[in-house]
Structures are given as structure tokens and as C-alpha cells.
Amino acid sequence: MREKAVERRNINKEHNSNFKAGYIPIDEDRLHKTGLRGRKGNLAICVIVLLFILAVINLIITLVIWAVIRIGPNGCDSMEFHESGLLRFKQVSDMGVIHPLYKSTVGGRRNEDLVITGNNQPIVFQQGTTKLSVEKDKTSITSDIGMEFVDPRTQNTLFSTDYETHEFHLPNGVKILNVQKASTERITSNATSDLNIKVDGRAIVRGNEGVFITGKTIEFRMGGNMELKAENSIILNGTVMVSPSRLPSSSYGEQFNNGNWLRFKLCMCADGTLFKVQVTGYNMGCQTSVNPCGATH
């Protein structure tokens, strides 16, 4: 028993001094790792940064909306939204481009003026091909389908380019109408003012059933040639004055019987009918075989 006690004592002593008892060597790379590491960690960092950027942008938009629109506990201080779709601005607004909906209306209050100001830029209202441009020195309206101004209270047409339904009248104060082409039955002026038609290039006046020009005094001034064409006749009723200094003349010494030119004399009947007679000799009158003037000429 003494030997067994000594052996047991030695075993316990050895066991207590053996620090490697129960140790099993294991590779650390093969152990299960917790948390986000590697690519997953980089992806998590990117998502957190993106959420932070979106939060900053959302904060900036909120501050802009609060500062510009001025949304408070009592609603919006700068505009009102109505159930009928009306958007009302209650103070001065600074905007660039406005795209209204189809058949929308822009207007002001009944007893207040609607003031629209452009900062050194023209104010342009455009709907399809129709455009209204308000500039510093002029206001222009461009439209391919015509235009019409209607009084919103009385619904009376103040100005319209519909020639078939309304007679074309210039509004009060408008003195000049600039068009490229106009198709109408007649062009008249007031009894106390003159009617002036001015062009930079060539003016063509054409009538399907003739052109009638009447007035107290009719004056044509042109820098080039004037051409009158008619299927039947040209009638000038009244005193006709022609400046011969501006008419072309033959050069000095040119032979009369030059076969390269056909010469005609312009003659007029007592009723204003014009006709031409071919010149075949010197000092030739207006006698023709067929008298276009009838009984008198």
C-alpha cells in the first residue's frame, strides 16, 4: 500500500506539472471566422458610405424645399395647391422654364396685374409651333395655324387671323404688319391715313379674278422693274403720270431698223384702257387695224 501511495503521488505530481496535457495542434486558417471580412467587409463599407451620401443629399433637398417653398406648420407660404388643379403663387417666384399641361392657363388675380420679368432675356411663351416672344424693343408672335385674341370676360374676339370667319382688323396702336405671304379678298386703310406696302425684295400681287387698286392717289416707287400682266386688259382710270427719265431709251446712233429689237408704243384709251402698238416707222401714232377703245380713243 505504501508503494501504491508513492506511485499515486508521483503520477499526480507529474500530471500537475504537465501543461501540454489535452493539447491538440490545429491550423488557425481552418477555424470558422465570425464577422465581415475580405470582400464582404469592403462591400459593407461601400453600402454605408452610399447611405451616408444619400442622407446628405436628402438633407440638402429638404433644406432647399424648406427655404424656397417655405413649408411650415401652417402649410406652404409661397404657393397653394387646389383640388381643381390650380397652382397659385402667393409671392415673387424665380423660375427658368415652365412646362404647363395641355390646355392650361396662366393668369393673375382679378384685381391685380400679372407681372413677368426676364433678367436680360426675352420672355417666350411657346405651345407647339405657336410662340410669343416679348423682348426689350419688340413683341413677336409666330404661328403656323393662326392666332386669335379673345376677351376672357365677354368672350368677344378682339383680333383674329381667321379670314373666313372674321374680318382682319389691326388692333388700335398697331401701324405695321410684317408678313411673308397673305391671302385675302381686300386690303384697305382708314379714310384719313395712307396704305403703304413696302418690301425689301420683290412684291407680287396676284388675283384669281383680277386685281383692283383704288384710291385718291396711287403711287408706285421701285428700284428695279415693274411688270404688269393681265389675261384680258389693264385699265387705268384717272390721270396717269409716267416719268420718262427713268424709262429705257435707245443709245445714240442706233439704227431704227435693227432686227434684234421689237419696239412697241404704249397707248391709252379715254376710259383708261392700255394697249400696245408695234412701232414700224418714225413718228408713228396709235392707229391700229383693230381699235381696242371702241368708239373713242
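This section describes the secondary structure, strand pairing, side-chain contacts and solvent exposure of one predicted protein model.

The chain contains two helices and twelve strands, and along the sequence these elements follow the pattern α-α-β-β-β-β-β-β-β-β-β-β-β-β, with both helices thus preceding the strands. Of the 297 residues in the chain, 6% are buried. Among contacts between residues at least 6 apart in sequence, 14% join residues that are at least 24 apart.

Residues 43–69 are listed by UniProt, in an unreviewed entry, as "transmembrane region". In the predicted model this span is 96% helix and 0% strand, and the C-alpha atoms at its two ends are separated by 38 Å. Residue I69, with which the listed span ends, is among the residues touched by M79 when those up to four places away in sequence are not counted.

M79 itself is placed in strand β3, which comprises residues 79–81. Because its relative accessibility is 15%, under the 20% limit, M79 counts as buried. Besides I69, the residues that M79 touches beyond four places in sequence are L87, R88, F89 and K90. For one of these residues, F89, the separation from M79 is ten residues in sequence and 4.3 Å in space, taken from C-alpha to C-alpha.

Further along the chain, strands β5, β6 and β7 are joined by two successive hairpins. Strand β5 (residues 123–127) pairs with strand β6 (residues 130–134) in the antiparallel sense over five bridges, and within this pairing F125 stands opposite L132 of β6. Two residues lie between β5 and β6 in their hairpin, and G128, in the turn, has a positive phi of about 70°. Strand β6 also pairs in the antiparallel sense with strand β7 (residues 139–142), here over four bridges, and V134 has T139 of β7 as its bridge partner. The hairpin formed by β6 and β7 has four residues between the strands.

An open sheet of three strands is formed by β10, β12 and β11, in the order β10-β12-β11 and with antiparallel pairing. Its edge strands are β10 (234–235) and β11 (264–268), each of which pairs on one side only. The pairing of β10 with β12 (residues 273–278) is antiparallel and extends over two bridges, with I234 standing opposite L274 of β12.

Residue T273 belongs to strand β12, and at 12% relative accessibility, below the 20% limit for burial, T273 is therefore classed as buried. When neighbours within four places in sequence are left aside, T273 is in contact with I234, I235, L236, C267 and M268. Among these contacts, I234 and I235 make up the edge strand β10, whereas C267 and M268 fall within the edge strand β11. A further side-chain arrangement involves F264 and K276, in which the charged end of K276 sits over the ring of F264 at 4.8 Å from the ring centre. By contrast, a search of the whole structure for aromatic pairs finds zero.

The loop between β9 (157–160) and β10 includes R202. With a relative accessibility of 69%, over the 50% limit, R202 counts as exposed. Although R202 and G223 are 21 residues apart in sequence, their C-alpha atoms lie 10.0 Å apart in space.

Side chains of opposite charge can pair when their charged atoms come close. The count of salt bridges in the model comes to two. In one, the side chains of E219 and R221 meet with an N to O distance of 2.5 Å, and both of these residues are exposed. In the other, E227 is bridged to K229, with the closest N and O atoms 3.0 Å apart, and both E227 and K229 are likewise exposed.

Conventions
Residues numbered from 1 in each chain as written. Predicted model: local features only at pLDDT ≥ 70, side-chain atom pairs only at ≥ 80, totals over all residues. Heavy atoms only, no water. Pairing = 2+ DSSP bridges. UniProt positions renumbered as here; feature names shortened; annotations may be inferred. Salt bridge = Lys/Arg side-chain N within 4 Å of Asp/Glu carboxyl O. Buried < 20%, exposed > 50% of the residue type's maximum accessible area, 1.4 Å probe, protein only. Phe/Tyr/Trp six-rings, centres within 6.5 Å; stacked < 30°, edge-to-face > 60°. Lys NZ or Arg CZ within 6 Å of the ring centre and 35° of its normal. Contact = heavy atoms within 4.5 Å.
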